[in-house]
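New to this one? Here's a quick briefing to read alongside the sequence and the 3D view.

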Amino acid sequence: MINIILFGKPGAGKGTQAEFLKKHYGFFHISTGDVFRYNIQNNTELGLLAKSYMDQGDLVPDEVTINMLKAEVEKQPNAQGFIFDGFPRTTAQSKALDIFLEEKNMAISATIALEANDEILIQRLLKRGQDSGRVDLLKRGQDSGRVDDQDEEKIRNRFDEYNSKTAPLIAYYQAQGKFYSVDGIGEIAEITQRIQNVIDSL
Ligand code: ADP
């Protein structure tokens, strides 16, 4: 069983690449951002709580996010492998994930980071925030024209959250010998191939 973390800053292309990888390898894809947005659309208690953080570009508190992630994994007892997209984003989430997977005799096989520079990413996100009605986003169940993609200040706050809370995970997975870096600039298919090269070498 192979379990992959797709890692990278906001806008790095994790969701886009996860779509290809889940089809190619039969992995089950869990995007914590998508699960939060689904809950917001359905006006659940979780959605209401998450929205107050997400709209500001802040991370949702660990306890809430970790419990939600565990519940999503538990719903898929027959999965052949998972792609975790947007999780973990803090050291506490990484540690909780390792313990949780170990209890289930599972483990992370690789953390694959999509690399791109901040200015390119900010432009991508602002464009995504303007693209209401894009079919590919709608198909993914995502709210097109995301509030958190429309305001440069909120986008910059997401990068600050990444730099202070998420970047330390690079060292965490490097210490386990599980960290792989992939160039996230180029054609979508080229980037998919780079990720596949990593997965096929595991
Ligand atoms: P992006 O990576 O483009 O910012 P996501 O859809 O992955 O988009 O996440 C959107 C928002 O959802 C984040 O800014 C954060 O508020 C919340 N979120 C998603 N995943 C997590 C997580 N693992 N921990 C805390 N908050 C999260």
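What follows starts with the whole protein and then moves to two helices and a handful of residues.

Keep in mind that this is a predicted model. The protein has 10 helices and 5 strands, and buried residues make up 49% of its 202 residues.

**The overall picture**

- Along its principal axes, the C-alpha trace spans about 40 × 40 × 30 Å.
- A compact globule with 202 residues would have a radius of gyration near 17 Å, and the protein comes in at 16 Å, which agrees.
- If you take the contacts with a separation of 6 or more, 74% of them are between residues 24 or more positions apart.
- The accessible surface adds up to about 10000 Å², and carbon and sulfur atoms account for 50% of that.

**Helix α1**

- This helix runs over residues 14-25. Its 12 residues should span 16 Å at 1.5 Å a residue, and the end C-alpha atoms are indeed 16 Å apart.
- The buried residues in α1 are Lys14, Gly15, Gln17, Ala18 and Leu21. Looking down the axis of α1, you'd find its buried residues within an arc of 150°, so they line one face of the helix.
- There's a general reason to expect patterns like this: an α-helix has 3.6 residues a turn, so residues three or four places apart point the same way.
- Over on the other side of α1, Lys23 and His24 are exposed.
- What covers the buried residues of α1? The cover includes the strands β1 (2-7), β2 (28-31), β3 (81-85) and β4 (110-115), along with helix α10 (188-200).
- Just after α1 comes glycine 26, which takes a positive phi of about 75°.

**Helix α10**

- The 13 residues of α10 should span 18 Å at 1.5 Å a residue, and that agrees with the 18 Å between its end C-alpha atoms.
- Buried here are Ile191, Thr192, Ile195, Gln196, Val198 and Ile199. These residues cover an arc of only 155° around the axis, which puts them on the same side of α10.
- Ala189 and Asp200, on the other side of α10, are exposed.
- The cover over the buried residues of α10 includes β1, α1, β4 and β5 (179-183).

**Two residues in helix α8**

- Arginine 158 sits in helix α8, which covers residues 152-166. Is arginine 158 buried or exposed? Its relative accessible area is 10%, and buried means under 20%, so arginine 158 is buried.
- The side chain of arginine 158 has a partner: a polar contact of 3.0 Å links it to the side chain of aspartate 149.
- Setting aside neighbours within four places in sequence, arginine 158 is in contact with Pro10, Gly57, Leu125, Arg128, Arg146, Asp148 and Asp149.
- Asparagine 157 lies in α8 too, but this residue is partly exposed, with a relative accessible area of 22%.
- With neighbours within four places left out, asparagine 157 is in contact with Gln56, Gly57 and Asp58.
- Asparagine 157 and glycine 8 are 149 residues apart in sequence, yet their C-alpha atoms are 15 Å apart in space.

**Asparagine 39, in helix α2**

- You'll find asparagine 39 in α2, which runs over residues 32-41. Asparagine 39 counts as buried, at 11% relative accessibility.
- The side chains of asparagine 39 and threonine 44 make a polar contact of 2.8 Å.
- Beyond its neighbours within four places in sequence, asparagine 39 is in contact with Thr44, Leu46 and Gly47.

**Leucine 59, in a loop**

- Leucine 59 belongs to the loop between α3 (45-54) and α4 (62-74). Being in a loop doesn't leave leucine 59 exposed: at 17% relative accessibility, this residue counts as buried.
- Which residues is leucine 59 in contact with, leaving aside its neighbours within four places in sequence? They are Tyr53, Arg89, Thr90, Glu161 and Lys165.
- Leucine 59 and asparagine 78 are 19 residues apart in sequence, and their C-alpha atoms are 30 Å apart in space.

Note on methods:
Residues numbered from 1 in each chain as written. Predicted model: local features only at pLDDT ≥ 70, side-chain atom pairs only at ≥ 80, totals over all residues. Heavy atoms only, no water. Helix = DSSP H or I, 4+ residues; strand = E, 2+ residues; numbered from the N terminus. Buried < 20%, exposed > 50% of the residue type's maximum accessible area, 1.4 Å probe, protein only. Polar contact = N/O pair within 3.5 Å; in protein donor to acceptor, adjacent residues only side chain to side chain. Contact = heavy atoms within 4.5 Å. Expected span 1.5 Å × (residues − 1). Arc of directions from axis to C-beta. Rg over C-alpha atoms; globule rule 2.2 N^0.38 Å. Areas by Shrake-Rupley, 256 points an atom, 1.4 Å probe, with all protein chains shown as cover.
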